[in-house]
Amino acid sequence: MQTISPAQLLGQTEAHLHYVSERVAIHQGMKDAFELMVSAAKDDAIELKIASGFRSFDRQLMLWNNKFSGKTSIKNSAGDLVSSKHLSPLELVHSILLYSALPGASRHHWGCDIDIYAPNLLAKDYQLQLEPFEYSEQGPLAKLSAWLVKHAHQFGFYFPYARFQGGVAKEPWHLSYWPLAQQYQQAFDVELLTQTLNKSAILGKQAIIENIDDIAKRYINNVCNAPTNVILPK
Ligand SMILES: [Zn+2]
């Protein structure tokens, strides 16, 4: 087993990454499994594509700060816009955490977690939103969802946000490569996260740091377990 460096945990290095396209990178150790899954899906007329793979600490920090400052919108689980006007800093932090991870605690930092879609199931001019309805039985990506539920585990993948457990919303597009992800998950260190956030320019810092243990318990560690039939590392 490779040891995971703090920089890898926090999304502050790209040394372990493989670029799938110009803007999408994944963990090198997941490349083969992902390619096998892509080719199996192709046989069933589904074109698997990554909407988002590795995301750096700085990028996540920018996404976070844009939401906190109101530059980009925040949605609730029903897809409605959240008005931040009357929220306390801590309430605002919680409303962002439903869909966006804290910089330093995003599973996308690892490279072995991906958001997936199937462009061939979408109309040409369709703009993917990564919203639950798109992946529901009535949505355009229903066929993809059904395929992943049936087959992803055969390639080592599972859904850490398979259902809402009081923390992060259900994310039927987010897949995790279990053989690597479980190592990162075990290496998570709330002290390291706290130190890193303290040194960063994150908005809402005080509310976050004061409640970091609660946030870790409710959002970061509160993920769905991999199914027992997920394939084991060779
Ligand atoms: Zn994701």
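**Exercise 1.** In this predicted model, determine which element gives the largest share of the lining of the largest pocket, and then describe that pocket by its volume, central residues and classes of residue.

*Solution.* Begin with the lining by element: α3 contributes five residues, the largest share of the lining of the largest pocket. Next, place α3 (57–69) among the elements that give two or more residues to this lining, which also include β3 (49–52), α4 (89–97) and α10 (212–220). The pocket itself has a volume of about 1200 Å³, and 44 residues line it, with Arg55, Leu63, Lys67, Tyr99 and Ser100 lying nearest its centre. Finally, sort the lining by class, which gives 19 nonpolar, 16 polar and nine charged residues.

**Exercise 2.** Work out which residues are the closest to the centre of the second largest pocket, and which elements each supply at least two residues of its lining.

*Solution.* Start from the volume, which for the second largest pocket is about 430 Å³. Of the 21 residues that line this pocket, Val149, Phe159, Ala162, Lys170 and Pro172 are the closest to its centre. Then turn to the elements: at least two lining residues come from each of α5 (132–135), α6 (142–151) and β5 (157–158), and the largest share, four residues, belongs to α6.

**Exercise 3.** Establish how the lining of the second largest pocket divides into nonpolar, polar and charged residues.

*Solution.* Assign each lining residue of the second largest pocket to its class, and the division comes to 16 nonpolar, four polar and one charged. For the largest pocket, the corresponding classes hold 19, 16 and nine residues.

Key. Residues are numbered from 1 along each chain as its sequence is written. This is a predicted model: local features need pLDDT of at least 70, side-chain atom pairs count only at pLDDT 80 or more; totals for chains, interfaces and linings use all residues. Side-chain values use heavy atoms; hydrogens and water are left out. On a 1 Å grid over the protein atoms alone, a cavity is a set of points where a 1.4 Å probe fits but cannot get out, and a pocket is an open set with protein on both sides within 12 Å along at least five of seven lines; lining residues have an atom within 4 Å of a point. Grid points are joined across faces, edges and corners, and a volume is the space filled by probe spheres set on the points. Ala, Val, Leu, Ile, Met, Phe, Trp, Tyr, Cys and Pro count as nonpolar, Asp, Glu, Lys and Arg as charged, and the others, Gly among them, as polar.
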